[in-house]
Amino acid sequence: MQIQHIKQNDPAARNTLEIILLYPSVHAIAWHRLSHMLYQCHLYFLARMFSQLARFLTGIEIHPGATIGKGLFIDHGMGVVIGETTVIKDYVQLFHGVTLGGTGNHHTKRHPTIESNVVIGAGAKILGNITIGENSKIGANAVVLKDIPPNSTAVGIPAQIINGEKK
C-alpha cells in the first residue's frame with residue numbers, strides 16, 4: 001500500500017526497489033510499526049529507543065505512541081515531527097519540515113488527527129487536538145490551530161480556509 005501510494009504521488013519514483021531501499025519515509029514507517037507495537041505492549045523504553053534510532057537514521061521523528069494508517073508518504077522527510085497522540089488515517093502525504101505537535105503538557109489527546117487523503121505542505125505546523133478533514137490540503141508553512149473541514153484548502157499564519165467548507 002505504501003509503495004503504491006509513493007509511486008502514484010512521486011514522479012521521481014522510478015521503481016519499487018528504489019523506493020524500498022532509498023526512501024527514508026519507508027524506513028521511518030517500518031521502524032515506527034515496530035516501536036508502536038512495543039509501545040502498545042508497555043515496553044516504553046525499547047519503543048523510544050527504536051524510534052530514536054529511526055530518527056537518527058532518517059531525520060524523521062515519529063513518537064511510538066502515534067497511530068498511523070496505511071499508505072503514509074513522507075516526501076523528503078527531513079525534519080518531520082509526529083507527536084505521541086497524533087492519529088494519521090490512510091493515504092496521507094506529508095512534506096519535509098511538517099510538525100504534528102501538541103500544545104501543553106497535559107496527559108490526554110493533545111496532538112492532531114489527520115483524516116484520509118490529506119496533503120500537508122513543507123514546513124506546515126499542525127498544533128493541538130484538532131482535526132484536518134479528509135481530502136484537505138494544508139499549504140506550505142501554514143500554522144493550523146483550529147479544525148479544518150473536509151475538502152478544504154488552508155494557508156497562512158494562522159491558517160485560513162481559502163476554498164472548501166468554511167465553518
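Gly-156 takes a positive phi near 100°. This glycine belongs to the hairpin of strand 14 and strand 15, which has 4 residues between the strands. The model is predicted. The points below start from this hairpin and move on to the sheet, the aromatic pairs, the cavity and the salt bridges.

**The hairpin**

- Strand 14 covers residues 153-155, and strand 15 covers residues 160-163.
- The two strands pair in the antiparallel sense, over 3 bridges.
- Ala-154 has its bridge partner in strand 15: Ile-161.

**The sheet**

- Strand 14 and strand 15 also belong to an open sheet of 6 strands.
- The order across this sheet is 3-6-9-12-14-15, and the pairing is mixed.
- Strand 3 and strand 15 stand at the edges. Each has a single partner strand, so one side of each is left without a neighbour in the sheet.
- Strand 9 and strand 12 show the parallel sense of pairing, over 2 bridges.
- Strand 12 spans residues 137-138. Lys-137 in this strand stands opposite Val-119.

**Aromatic pairs**

- How many aromatic pairs are there? The count comes to 3. Two of them, Tyr-23 with Phe-73 and Trp-31 with Phe-50, are described here.
- Tyr-23 and Phe-73 form a tilted pair. Their rings are 6.4 Å apart, centre to centre, with 35° between the planes.
- Tyr-23 lies in the loop between helix 2 (16-22) and helix 3, while Phe-73 lies in strand 3 (residues 73-75). The pair therefore ties together parts that are 50 residues apart in sequence.
- Are Tyr-23 and Phe-73 buried or exposed? Both are buried.
- The rings of Trp-31 and Phe-50 have their centres 5.8 Å apart. Their planes stand at 25°, so this pair is stacked. The cut-off for stacked is planes under 30 degrees apart.
- Trp-31 sits in helix 3 and Phe-50 in helix 4, 19 residues apart. The pair links distant parts of the chain.
- Trp-31 is partly exposed, with a relative accessible area of 25%. Phe-50 is also partly exposed, at 22% relative accessibility.

**The cavity**

- Rolling a probe the size of a water molecule over the atoms shows where empty space is left.
- The count comes to 1 cavity of 30 Å³ or more. The space in the largest cavity is about 30 Å³.
- Which residues line the largest cavity? They are Ala-28, Trp-31, His-32, Ser-35, Ser-51, Ala-54, Ile-60 and Ile-62.
- Trp-31 thus appears both in this lining and in the stacked pair with Phe-50.
- Helix 3 (24-40) and helix 4 (44-58) each supply at least two residues of the lining. Helix 3 gives the largest share, with 4 residues.
- By class, the lining of the largest cavity has 5 nonpolar and 3 polar residues. Charged residues are absent from this lining.

**Salt bridges**

- Side chains of opposite charge can pair when their charged atoms come close.
- The count comes to 4 salt bridges. Three pairs are described here: Arg-14 with Glu-18, Glu-84 with Arg-110, and Lys-89 with Glu-115.
- Arg-14 and Glu-18 have their closest N and O atoms 4.0 Å apart. Arg-14 counts as exposed, because its relative accessibility is 67% and the cut-off for exposed is over 50%.
- Glu-84 and Arg-110 meet at 2.7 Å, N to O. This pair links distant parts of the chain, 26 residues apart.
- Glu-84 is in the loop between strand 4 (81-82) and strand 5 (87-88). Arg-110 is in the loop between strand 7 (99-101) and strand 8 (113-114).
- Why does Arg-110 count as buried? Its relative accessible area is 16%, and buried means under 20%. Glu-84 is partly exposed, with a relative accessible area of 21%.
- In the salt bridge of Lys-89 and Glu-115, the closest N and O atoms are 3.4 Å apart. This pair also links distant parts of the chain, 26 residues apart.
- Lys-89 is in the loop between strand 5 and strand 6 (93-95), and Glu-115 is in the loop between strand 8 and strand 9 (119-120).
- Lys-89 is partly exposed at 33% relative accessibility. Glu-115 is partly exposed too, with a relative accessible area of 23%.

Technical notes:
Residues are numbered from 1 along each chain as its sequence is written. This is a predicted model: local features need pLDDT of at least 70, side-chain atom pairs count only at pLDDT 80 or more; totals for chains, interfaces and linings use all residues. Side-chain values use heavy atoms; hydrogens and water are left out. On a 1 Å grid over the protein atoms alone, a cavity is a set of points where a 1.4 Å probe fits but cannot get out, and a pocket is an open set with protein on both sides within 12 Å along at least five of seven lines; lining residues have an atom within 4 Å of a point. Grid points are joined across faces, edges and corners, and a volume is the space filled by probe spheres set on the points. Ala, Val, Leu, Ile, Met, Phe, Trp, Tyr, Cys and Pro count as nonpolar, Asp, Glu, Lys and Arg as charged, and the others, Gly among them, as polar. A salt bridge is a side-chain nitrogen of Lys or Arg within 4 Å of a carboxyl oxygen of Asp or Glu. Buried means under 20% relative accessible area, exposed over 50%, partly exposed in between (1.4 Å probe, protein chains only). Two strands pair if DSSP finds at least two bridges between them. Rings of Phe, Tyr and Trp (its six-membered ring) pair if their centres lie within 6.5 Å; planes under 30 degrees apart count as stacked, over 60 as edge-to-face and the rest as tilted.
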